[in-house]
Amino acid sequence: MIVVRNSIVWVLQESILLADWRLSVASRYLRAGAGDKLTSFTSMISGLGLVLAVAILTIVLSVMNGFEKELRERVLGVLPHGIVSLPDGDLEALGKELLSHRSVIAIAPLLEGSGLLLANGRMAGILVSGVDPDRESQVSILDEFFIQGSMHDLTSQRFSLAIGKRLAEDLNVAIGDSVNFVSPEVQMSLVGPLPTSRRFTIAAIFAAGADVDKTQVYTSVEALSRLQKGRGSVGFRLLTSDLFDAPEIVRQLIVTSKQRIYGSSWTQRYGNLHGAIHMQKKTMFLMLMLLVAVAAFNVVSNLMMVVKEKAGDIAIIRTMGASTNAVRIIFIMHGVLVGAVGVTIGLVLGTGLALIIDDVVLTMDGVLKLGLMDEYFIQYLPVDIRLEDILLIAVSSLAICFIATIYPAGKAAKANPVEALQYES
């Protein structure tokens with residue numbers, strides 16, 4: 001029974017294909033053989049151009065999606081969505097105010113500073129955050145990235161640091177080693193002002209795969225407050241329900257607070273990250289326009305060559321009673337078929353390359369020592385292949401191919417069959 005049903009379906013499909021002779025002619029042009037070398041060559045070039053355009057677009061879009069995903073889930077999972085500080089007042093009351101806001105999920109104490117780390121004759125400028133190890137996990141995913149020790153090791157002794165893997169490599173230090181932290185705060189002495197310095201012990205090392213690995217260190221609130229001699233402004237780190245609403249949430253907290261507080265969001269503090277998102281969108285738009293233009297140019301060039309070479313065929317079809325509209329449809333179908341084949345192969349090729357591009361780039365970077373990702377906030381090439389983007393690329397490319405076929409198909413329909421047959425003879 002199943003065999004009979006499949007046979008009926010096959011017969012119906014073949015009948016439909018044969019009934020629409022225009023599709024049959026268009027597909028025959030697509031399968032041009034050795035006798036149609038010019039048509040075959042132009043079709044191949046057109047197809048390859050479309051394949052490369054779609055493949056590159058797929059890769060670029062997947063990498064941009066990967067950067068956006070990593071920014072959301074990794075970088076801004078480590079860095080604060082927002083910070084609210086209280087120079088003087090009731091911290092406990094402020095904490096209750098913050099948590100009462102519907103968009104604030106959690107808070108944790110935070111004290112910030114900056115300075116230099118010195119070790120083994122090397123120096124690095126860093127940002128230091130004083131945190132409460134017991135509450136930091138409520139607002140940060142940093143615990144997921146510790147490769148040695150943990151945030152709770154900051155309480156093992158009074159002056160301990162958690163530093164990034166890249167910073168540890170730059171300073172050539174490991175767990176248990178000591179480093180000197182030099183603060184910009186100065187203290188007066190008999191010989192004049194001197195910078196404040198303190199010896200810290202490395203208690204933990206993390207590797208988030210981002211810029212924080214070489215610029216950010218963590219210690220306890222108590223240790224940093226003692227180093228700053230109480231001159232720092234203690235506040236709270238915020239975890240919001242939507243990180244892109246963080247600027248408005250911080251503004252609302254400042255306006256509605258009963259105390260005089262200051263605040264900033266991640267868009268103000270880490271403007272390069274915010275700009276990276278917009279740059280990705282602009283680049284994606286530019287790449288899409290450029291690649292679509294290349295694809296459209298290839299399709300138009302191919303069809304113009306096909307129309308010229310098939311002038312005799314067009315004339316014969318016209319003399320057999322075909323209308324100008326039928327001729328137009330034949331070449332539109334041919335262009336769309338070329339586009340469909342190119343888009344399909346391009347999507348498969350682009351998806352495959354996107355899956356391995358990170359390994360390829362890392363291998364090249366390691367062998368040639370190029371440092372390709374050193375200046376970016378993520379030190380690897382993330383990839384996020386999304387079905388909706390694949391569909392967008394396919395539909396957009398096919399739409400452009402269809403539009404590109406209109407002019408050449410119109411030229412074919414307007415061709416004079418008498419003149420074409422005269423030259424053929």
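This passage goes through the overall make-up of the protein, then strand S9 and its partners, then the aromatic pairs.

The model is a predicted one, so local features need pLDDT of at least 70 and side-chain atom pairs count only at pLDDT 80 or more, while totals for chains, interfaces and linings use all residues. Residues are numbered from 1 along each chain as its sequence is written, and side-chain values use heavy atoms, with hydrogens and water left out.

Starting with the big picture, the protein has 15 helices and ten strands (DSSP runs numbered from the N terminus, H or I of at least four residues for helices, E of at least two for strands). Of its 425 residues, 44% are buried, where buried means under 20% relative accessible area, exposed over 50%, and partly exposed in between (1.4 Å probe, protein chains only). About 22,300 Å² is exposed, with carbon and sulfur atoms supplying 61% of that (Shrake-Rupley method, 1.4 Å probe; for residues, only the protein chains shown count as cover). Among contacts (heavy atoms within 4.5 Å) with a separation of 6 or more, 79% are between residues 24 or more positions apart.

Strand S9, residues 235-240, is largely enclosed by the rest of the structure, because five of its six residues are buried. Strands pair if DSSP finds at least two bridges between them. S1 (residues 82-85) runs antiparallel to S9 and is joined to it by four bridges, with Ser-85 partnering Gly-235. S2 (residues 104-119) is antiparallel to S9 too, this time through six bridges, and here Ala-106 sits opposite Leu-239.

On to the rings: five aromatic pairs turn up across the whole structure (Phe, Tyr and the six-membered ring of Trp, centres within 6.5 Å; planes under 30 degrees apart are stacked, over 60 edge-to-face, the rest tilted). Phe-159 and Phe-200 make one edge-to-face pair, since their centres are 5.4 Å apart and their planes at 90 degrees. Phe-159 is in the loop between S4 (146-148) and S5 (160-164) and Phe-200 is in S7 (residues 192-206), so the pair ties together parts 41 residues apart in sequence. Phe-159 is buried at 11% relative accessible area, and Phe-200 is buried at 2%.

Phe-206 and Tyr-218 are also edge-to-face, with centres 5.9 Å apart and planes at 65 degrees. This pair links S7 to S8 (residues 216-220), parts twelve residues apart in sequence. Both residues are buried, and together with Phe-146 they form one aromatic cluster.

Back at Phe-159, Arg-198 lies over the ring face, 4.2 Å from the ring centre (the cut-offs being NZ of Lys or CZ of Arg within 6 Å of the centre and within 35 degrees of the ring normal).
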